[in-house]
Amino acid sequence: MAFVVALDGPAAAGKGTLARLIAQHYGFHHLDTGLTYRATAKALMDAGLPLDDEAVAERVALTLDLAGLDRAELSRHDIGEAASRVAVMPAVRRALVEAQRAFSAMEPGTVLDGRDIGTVVCPQAQVKFYVTADPEIRAQRRLDEIVERGGAQDFQSVLSDIIQRDERDMGRADSPLRPARDAHLLDTSKMRIEAAFSAAKTVIDSALRT
Ligand code: C5P
């Protein structure tokens, strides 16, 4: 059975960066599962289709090609918003979770990051992390990214978006964001990414030895 590292947590907590570092260090395949929801939402928007028609969205989700996911192309703020709306629909989740599970079986191991990896997609994962940080810290990080890309937005609106996204992701009926019972908690509020990676490495090394 492939070794699976599951990382869950709210937006801008640092789980994507951490997942990439872990995958690179161990030579594991990495899937940012947020991109699967984003790509589904973008395909609907590009085709001028509604974001709340479950049967239509399911059809799009079923044809998604994981190999063609491009973070740069999908990083737009409105796509993230739309993704969290399509992500509440159980038929969409079923289709995407199946593709994510197939990915997770790749040898020698995989790292998946998202909202429901440790709880729903890969409950058997050998190592699970719940990566979080205070909303204000996450909003500042998101704002720094926006400014770096040449954009402009004010802190309050980024913060209120983050809070609204948290509420939607934690409050939905199907696969809400929450830590798995056996997840290791990583609060990156006051921790640099190197320290978070080093803490994660200790846990993974120990699981690889058993
Ligand atoms: O992580 P990212 O911001 O790219 O995810 C976009 C949205 O996709 C999230 O706000 C969430 O609603 C949804 N998502 C999900 N389950 C996952 C990954 C993302 O519901 N495993």
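Domain bounds here come from an automatic or database domain assignment. The model is predicted: local features need pLDDT of at least 70, side-chain atom pairs count only at pLDDT 80 or more, and totals for chains, interfaces and linings use all residues. Residues are numbered from 1 along each chain as its sequence is written, and side-chain values use heavy atoms, without hydrogens or water.

**Exercise 1.** Find which domains and helices supply the shell around the ligand.

*Solution.*
- Start with domains. Domain 1 (1-28 + 108-210) and domain 2 (31-107) each give at least three residues.
- Next, helices (DSSP runs of H or I, at least four residues, numbered from the N terminus). H2 (34-46), H5 (77-86) and H9 (155-171) each supply at least two shell residues.
- Then rank them. H2 gives the largest share, 3 residues.

**Exercise 2.** Identify the residues that come nearest to the ligand, and state the shell's chemical make-up.

*Solution.*
- Around the ligand stand 15 residues (a heavy atom within 4 Å). Arg-38, Arg-93, Asp-116, Asp-169 and Arg-172 come nearest.
- Sort the shell by type: 8 charged (Asp, Glu, Lys, Arg), 3 nonpolar (Ala, Val, Leu, Ile, Met, Phe, Trp, Tyr, Cys, Pro) and 4 polar (the others, Gly among them).

**Exercise 3.** Work out the polar contacts (N or O pairs within 3.5 Å) of Arg-38, Arg-93 and Asp-116, then the ligand's burial.

*Solution.*
- Arg-38 places a polar side-chain atom 2.6 Å from a ligand oxygen.
- For Arg-93, the distance from a polar side-chain atom to a ligand oxygen is 2.8 Å.
- Asp-116 has a side-chain N or O atom 2.8 Å from a ligand nitrogen.
- Now burial. Alone, the ligand exposes 450 Å² (Shrake-Rupley, 1.4 Å probe). The protein buries 97% of that.

Key: A polar contact is a pair of N or O atoms within 3.5 Å; within protein, one must be able to donate a hydrogen and the other to accept it, and residues adjacent in sequence count only if both atoms are side-chain atoms.
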